[in-house]
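Good morning, and thank you for joining this session. Please take a moment to look at the sequence and the model before I begin.

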Amino acid sequence: MHITFLLDFYGGVLADRTRELLEMYYFDDMSLAEIADAVGITRQGVRGGIKKGEEELLFLEEKLGLAARHSAITESAKRLLSLAERLKAETETQETRALLDEIVKCTDAVLYREKEE
């Protein structure tokens, strides 16, 4: 699961063949033999390409941390949304409700953008 998340993030910077092997293995749930037949290389070649791709993804995440940051932002935005909704339900003033509505709107925008990326 972690590799598929990283592949979504960093797949575009991998070599085309490496990305293709990882996508077939992780997204299409193909076996090493099926991938080998599809691309015309040995099972060992497929396994080596997958292993290389996994290492590259892990290296990129270790150095850049973009996937972890994305997860943290998403979780924080969800928590803010929940807290704002709770406060909105408990508040009595119209001005406070309006501010909380704006917080909810902004938080929704962050979550929407995060989903799109």
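**Two threonines and a central helix**

Leaving aside residues up to four places away in sequence, T91 touches T96, R97 and L100. I should say at once that this is a predicted model. T91 itself sits in the loop between α5 and α6, the latter covering residues 94-116. Is T91 buried or exposed? With a relative accessible area of 14%, against a cut-off of under 20% for burial, T91 counts as buried.

The second threonine, T107, is placed in helix α6. Its relative accessible area is 6%, and T107 is therefore buried as well. Its contacts, again not counting residues up to four places away in sequence, are A77, L80 and L81. As for its separation from D28, the two residues are 79 residues apart along the chain, and their C-alpha atoms are separated by 34 Å.

I now turn to helix α4, beginning with its length. The helix has 22 residues, which at 1.5 Å a residue should span 32 Å. The C-alpha atoms at its ends are 31 Å apart, in agreement with that expectation.

Which residues of α4 are buried? They are V46, G49, I50, G53, E54, L57, L60 and E61. Viewed down the axis of α4, these buried residues fall within an arc of 135 degrees, so they line one face of the helix. The general background is that an α-helix has 3.6 residues a turn, so residues three or four places apart point the same way. On the face of α4 turned away from the buried side we find the exposed residues Q44, E62 and K63.

What covers the buried residues of α4? The cover includes α1 (2-10), α2 (16-27), α3 and α5 (66-90).

Of these, let me take α3 in more detail. Helix α3, residues 32-39, packs against helix α4, residues 43-64, at an angle of about 100 degrees, and the axes are 8 Å apart. The range for roughly perpendicular is 65 to 115 degrees, so α3 is roughly perpendicular to α4. On the α3 side the contact is made by L32, A33, I35 and A36, while α4 contributes R43, V46, R47 and I50. By class, the residues of this contact are six nonpolar, no polar and two charged. V46 and I50 thus appear in the contact with α3, and both are also among the buried residues of α4.

Finally, the residue that follows α4 is G65, which has a positive phi, near 65 degrees.

How values were computed
Residues are numbered from 1 along each chain as its sequence is written. This is a predicted model: local features need pLDDT of at least 70, side-chain atom pairs count only at pLDDT 80 or more; totals for chains, interfaces and linings use all residues. Side-chain values use heavy atoms; hydrogens and water are left out. Axes are lines fitted to C-alpha atoms, for helices over the stretch in contact, and angles run from 0 to 180 degrees between N-to-C directions. Helices (H or I, at least four residues) and strands (E, at least two) are DSSP runs, numbered from the N terminus. Angles under 35 degrees count as roughly parallel, over 145 as roughly antiparallel, 65 to 115 as roughly perpendicular and the rest as oblique. Contact means heavy atoms within 4.5 Å. Ala, Val, Leu, Ile, Met, Phe, Trp, Tyr, Cys and Pro count as nonpolar, Asp, Glu, Lys and Arg as charged, and the others, Gly among them, as polar. The expected span of a helix is 1.5 Å times one less than its number of residues. Buried means under 20% relative accessible area, exposed over 50%, partly exposed in between (1.4 Å probe, protein chains only). The arc is that of the directions from the helix axis to the C-beta atoms.
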